[in-house]
Amino acid sequence: MNNEKKTKTSGSRNKKTLKIGSFSVTVTAVVIVIAVLVNLFVNELPGTITKLDTSSLQLYTVGEETEGVLASVDRDVHFYLLAERGTEDSTITGLLERYEALNDHVKVTVIDPATNPTFISQYTEDQLSSNSVIVASDLRHYVLDYYEIYTTQYSEEDYYNYMYYGVMPTGTKYFSGELAFTTAVDYVTREDLPVLYSLEGHGETALDATYQSYITAENVAMNTLSLLTVDVIPADCSAILINNPTGDINGDELVMLRQYLAEGGSVILVTSYANYSEFAMPNLTALAAELGLEPADGIVFESDRNRYTGYPYSLLPSLGSTGPMALVSEGTQYALMHAAHGILDNGKGAGTVIPMLTTSSGAYVKAVPETGSFNTLEKEDSDLSGQFYLAAAVTGEADGAREEDYRFVWYASPSITSASDDSYISGGNSAVFMGSVGWMAENQISLSILAKQLQVEALTLTAAQSSLWSIIVIFIIPLAVLAAGFVIWIRRRKR
């Protein structure tokens, strides 16, 4: 009898165990199926959703400019990443996934040169580094070597130490992926490419190679132009750059530039106090005056310590927000205009004057003595004072032979195209300059996307900020530490 009860009890337990085991297996199977389905679903989601950019430098994040370019793409664009399987650069692939997610016309494919050795020769005869990228459409293609995506910039100090002391420069490392890829997309999808002509024949300064690379990166072609050797300005001329001339244009050239602007042309003029004055260059002055701008000869000084760095003629002007400045890269806080002359609105132009870089109302202009050195940097009664433009733009209606509007930009210091000054200001000058280039090329958006520095960026302090932090670090913090120590000592002594 007892054996029968035991057998029944044992059988009941086995049935319960079997049921529990079957239920567990079923639940496990269902969970696995759900996990697989969820994984398949997530894999189909764009990288912008599934992969958050947790990098401190936001290497995978694209800006509004890139989004604007990709939004306008209506033809297929293929990104080919050239790398052996397993050696793909994760930063490059992570960023390209963002591009692919933002437009269905964009496709990313990894090409292994070892298994497809003839692929690269379809686009270039150059030897490309691993993790280079080729971007192609039905119009044209664009080749990006790995070292154009990861770039290194060297300062004048780096070059000096290498030349004289043999110290190998390390330079500053940048990730230029967004700039490179967005430039490539714009290049392979744009029907027509603008051309910027650099005027020559008046002692103009050749544009720095770094700035030339910025311009070509914006898909603006560059060429030179001498008005002495042509009857008319080329039809494909989108803009003319007159970069820090040492001599004036002649009367015939003035007539040609007037006609060019009247047809809807664009001109960028960069001048310096050392070479330019109303007396030394009357024809350039006349051209600017007809448009509504006139010079304030001399050097501009600032009285506001928050508007200069180091010396009161190393100016940190206020940045405008309209016209060319609307295309300036996000995050640009400063532009450095060293030893600039002033620009004023003469109120006589038919067009609209657009402030770009502006001093405070406490600025003043000192005429440069014949000796070249000032007796004092302080404001004197003879100095012209007030608010000055250090850069200004003018736009107005044209006859439409080229464009519906003419565009003119005047910078009052060659600092705007100086690579060393640009480095000091962490790219602010090139961002402003490229904003004006993009404005004249009539880009819908600016491609002056700043490269992302892989090291700590230079910290720019105004004179007032420098003084404040010096007081804090040298006096306030040490005194606070001493005071705290004294209080602790007093309390312990009373115990």
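**Exercise 1. Helices H9 and H10**

Task: In this predicted model, work out how H9 and H10 are oriented to each other, roughly parallel or roughly antiparallel, and which residues make the contact.

Solution.
- Step 1. Two packed helices are described by the angle between their axes and the distance between the axes.
- Step 2. Grab those two values: H9 and helix H10 (residues 282-291) pack at about 25°, and their axes are 10 Å apart.
- Step 3. Angles under 35 degrees count as roughly parallel, so H9 and H10 are roughly parallel to each other.
- Step 4. For the handedness, H9 passes H10 in a right-handed crossing.
- Step 5. Now the contact itself. H9 brings Gly251, Leu254, Leu257, Arg258 and Leu261, while H10 brings Asn283, Leu287, Glu290 and Leu291.
- Step 6. Sort the contact residues of H9 with H10 by type and you get five nonpolar, two polar and two charged.

**Exercise 2. Helices H8 and H12**

Task: Do the same for H8 and H12: what is the angle at which they cross, and how do the contact residues divide into nonpolar, polar and charged?

Solution.
- Step 1. The axes of H8 and helix H12 (residues 428-440) cross at roughly 45° and come within 11 Å.
- Step 2. That angle makes H8 oblique to H12.
- Step 3. The crossing of H8 and H12 is right-handed.
- Step 4. On the H8 side the contact is made by Tyr211, Tyr214 and Ile215, and on the H12 side by Asn429, Ser430, Phe433 and Met434.
- Step 5. By type, the contact of H8 with H12 divides into five nonpolar, two polar and no charged residues.

**Exercise 3. Two asparagines with a positive phi**

Task: Find where Asn219 and Asn244 sit, and say whether Asn219 and Asn244 are buried or exposed.

Solution.
- Step 1. Some background: most residues other than glycine have a negative phi.
- Step 2. Asn219 isn't a glycine, yet its phi is positive, at about 60°.
- Step 3. Look for Asn219 in the loop between helix H8 (209-217) and strand E8 (221-225).
- Step 4. Buried means under 20% relative accessible area. Asn219 has 4%, so it is buried.
- Step 5. Asn244 also has a positive phi, near 50°.
- Step 6. The loop holding Asn244 runs between strand E9 (237-243) and helix H9 (251-262).
- Step 7. With a relative accessible area of 10%, Asn244 is buried.

**Exercise 4. Strand E9 and its partners**

Task: Which strands pair with E9 in the parallel sense, E7 for one and E10 for another, and which residues stand opposite Leu241 in those pairings?

Solution.
- Step 1. Take E7 (residues 195-199): it pairs with E9 in the parallel sense over four bridges.
- Step 2. In that pairing, Leu241 of E9 stands opposite Ser198.
- Step 3. Turn to E10 (residues 266-270), which is joined to E9 by four bridges and runs parallel to it.
- Step 4. Here Leu241 stands opposite Ile268 in E10.
- Step 5. Finally, check burial: six of the seven residues of E9 are buried, so E9 is largely enclosed by the rest of the structure.

**Exercise 5. Two open sheets**

Task: What is the strand order of the three-strand sheet and of the four-strand sheet, and which strands are at the edges?

Solution.
- Step 1. The three-strand sheet is open, ordered E12-E18-E19, with antiparallel pairing.
- Step 2. Its edges are E12 (299-301) and E19 (384-386); each has a single partner strand, so one side of each is left without a neighbour in the sheet.
- Step 3. From one strand to the next, this sheet's twist averages 25°.
- Step 4. Zoom in on E12 and E18 (residues 363-366): three bridges pair them in the antiparallel sense, and Val300 stands opposite Val365 in E18.
- Step 5. The four-strand sheet is also open, ordered E2-E1-E3-E4, and its pairing is mixed.
- Step 6. Strands E2 (106-111) and E4 (141-144) are the edge strands here, each pairing on one side only.
- Step 7. The twist in this four-strand sheet averages 15° from one strand to the next.
- Step 8. E1 (residues 77-82) and E2 run parallel, joined by six bridges; Leu81 has Val110 in E2 as its bridge partner.
- Step 9. Add the helix: H4 (residues 90-102) lies across E1, E2 and strand E3 (132-136), and runs at about 150° to E2.

**Exercise 6. A long-range pair**

Task: How far apart are Ser420 and Tyr154, in sequence and in space?

Solution.
- Step 1. Ser420 belongs to helix H11 (residues 419-424).
- Step 2. Its relative accessibility is 34%, so Ser420 counts as partly exposed.
- Step 3. Ser420 and Tyr154 are 266 residues apart in sequence, and 9.8 Å apart in space, C-alpha to C-alpha.

Methods. Residues numbered from 1 in each chain as written. Predicted model: local features only at pLDDT ≥ 70, side-chain atom pairs only at ≥ 80, totals over all residues. Heavy atoms only, no water. Pairing = 2+ DSSP bridges. Axes fitted to C-alpha atoms, helices over the stretch in contact; angles between N-to-C directions. Buried < 20%, exposed > 50% of the residue type's maximum accessible area, 1.4 Å probe, protein only. Parallel < 35°, antiparallel > 145°, perpendicular 65-115°, else oblique. Left-handed = near helix turned anticlockwise from the far one by under 90°. Contact = heavy atoms within 4.5 Å. Nonpolar A, V, L, I, M, F, W, Y, C, P; charged D, E, K, R; others polar.
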